[in-house]
Amino acid sequence: MMEETLVQILLATPAIVAITGQKIRLGRADQRDARPYVVLQTVSSAPSYHMQGEANPVPIRMQIDCYADKYGQAKTLARAIKSRLSGYQGGPFKGVFIDSERDLPAADAGEVTSLFRTSIDITVHYGA
């Protein structure tokens, strides 16, 4: 549920949709997606506990990958996402924080590709 809501927040951001259209995916891109597009993945979710049970909010680490044909497109998209999510609070989102950003090859080692990827890690504090 948190992941789908995060996608909706990104899709409601004109600066992001102007670049990606509706191509913001969970897990992996659709093979028919033209670039640029975004893929979100949960990296870890580590609830903490106290004597009355699970503590809220639960910190969830997400990776957001921005794919594009040009380096500048991937960076512009990453900047738009960071601008929207950095410090975001609302509803069950108690806080969204940017952890890191890096430029990575968009293929496995040894593969040749012209695809660019900028990857952003965020921590989402989510819960009632």
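The side chains of Asp-121 and Arg-61 meet in a salt bridge, with a separation of 3.0 Å from N to O. Since Asp-121 belongs to strand 7 and Arg-61 to strand 5, this pair ties together parts of the chain that are 60 residues apart in sequence. The acidic partner, Asp-121, is buried, with a relative accessible area of 7%, whereas Arg-61 counts as partly exposed at 28% relative accessibility. These values, like those that follow, refer to a predicted model.

A second contact between oppositely charged side chains is the salt bridge of Asp-65 with Arg-117, in which the closest N and O atoms are 3.8 Å apart. This pair also links distant parts of the chain, with Asp-65 in strand 5 and Arg-117 in strand 7, 52 residues apart. Asp-65 is buried, its relative accessible area being 1%, and Arg-117 is likewise buried, with a relative accessible area of 18%, a value that falls in this class because the limit for buried residues is set at under 20%. Through salt bridges that share partners, Arg-61, Asp-99, Arg-102 and Asp-121 are joined into one network. The structure holds 10 salt bridges, among them one formed by Asp-30 with Arg-32, whose closest N and O atoms are 2.8 Å apart. In that pair, Asp-30 counts as partly exposed at 27% relative accessibility, while Arg-32 counts as exposed at 73%.

The strands that carry the two interstrand salt bridges described above, strand 5 and strand 7, belong to an open sheet of five strands in the order 1-2-5-7-6, with mixed pairing. Strand 1 and strand 6 stand at the edges, and each has a single partner strand, so that one side of each is left without a neighbour in the sheet. On average, and with direction ignored, neighbouring strands of this sheet are turned by 25° against each other.

At one edge, strand 1 (residues 24-26) runs parallel to strand 2 and is joined to it by three bridges; within this pairing, the bridge partner of Arg-25 is Val-39 in strand 2. Strand 2 in turn pairs with strand 5 in the antiparallel sense over eight bridges, where Tyr-37 has Tyr-67 of strand 5 as its bridge partner. At the other edge, strand 6 and strand 7 pair in the antiparallel sense over 11 bridges, and Gly-95 stands opposite His-125 of strand 7.

Two helices are placed against this sheet. Helix 1 packs on the sheet and touches strand 1, strand 2, strand 5, strand 6 and strand 7, its direction making about 175° with that of strand 1. Helix 3 lies across strand 2, strand 5, strand 6 and strand 7, and runs at about 10° to strand 7.

The helices and strands also contribute to the nonpolar interior. In soluble globular proteins, nonpolar side chains tend to be buried together. Here the largest nonpolar core has 27 residues, and those with the most contacts inside it are Leu-40, Ile-81, Leu-85, Phe-93 and Ile-122. Two or more residues of this core are given by each of helix 1 (2-11), strand 2 (37-45), strand 5 (58-68), helix 3 (71-85), strand 6 (93-105) and strand 7 (116-126), and the largest share, six residues, comes from helix 1. The surroundings of Ile-122 illustrate how these elements come together: when its neighbours within four places in sequence are left aside, Ile-122 is in contact with Leu-6, Ile-60, Arg-61, Met-62, Ile-64, Leu-85, Val-96, Phe-97, Ile-98 and Asp-99. Both Arg-61 and Asp-99 in this list are members of the salt-bridge network.

Phe-93, one of the core residues with the most contacts, also takes part in an aromatic interaction. The count of aromatic pairs comes to four, and one of them is formed by Phe-93 and Tyr-126 in an edge-to-face arrangement, at 5.2 Å centre to centre and with 70° between the planes. Because Phe-93 lies in strand 6 and Tyr-126 in strand 7, the pair ties together parts that are 33 residues apart in sequence. Both Phe-93 and Tyr-126 are buried, and ring pairs link these two residues with Tyr-88 into a cluster.

Technical notes: Residues are numbered from 1 along each chain as its sequence is written. This is a predicted model: local features need pLDDT of at least 70, side-chain atom pairs count only at pLDDT 80 or more; totals for chains, interfaces and linings use all residues. Side-chain values use heavy atoms; hydrogens and water are left out. A nonpolar core is a set of buried Ala, Val, Leu, Ile, Met, Phe, Trp, Tyr and Cys residues joined through side-chain atoms within 4.5 Å. Buried means under 20% relative accessible area, exposed over 50%, partly exposed in between (1.4 Å probe, protein chains only). Helices (H or I, at least four residues) and strands (E, at least two) are DSSP runs, numbered from the N terminus. Contact means heavy atoms within 4.5 Å. A salt bridge is a side-chain nitrogen of Lys or Arg within 4 Å of a carboxyl oxygen of Asp or Glu. Two strands pair if DSSP finds at least two bridges between them. Rings of Phe, Tyr and Trp (its six-membered ring) pair if their centres lie within 6.5 Å; planes under 30 degrees apart count as stacked, over 60 as edge-to-face and the rest as tilted. Axes are lines fitted to C-alpha atoms, for helices over the stretch in contact, and angles run from 0 to 180 degrees between N-to-C directions.
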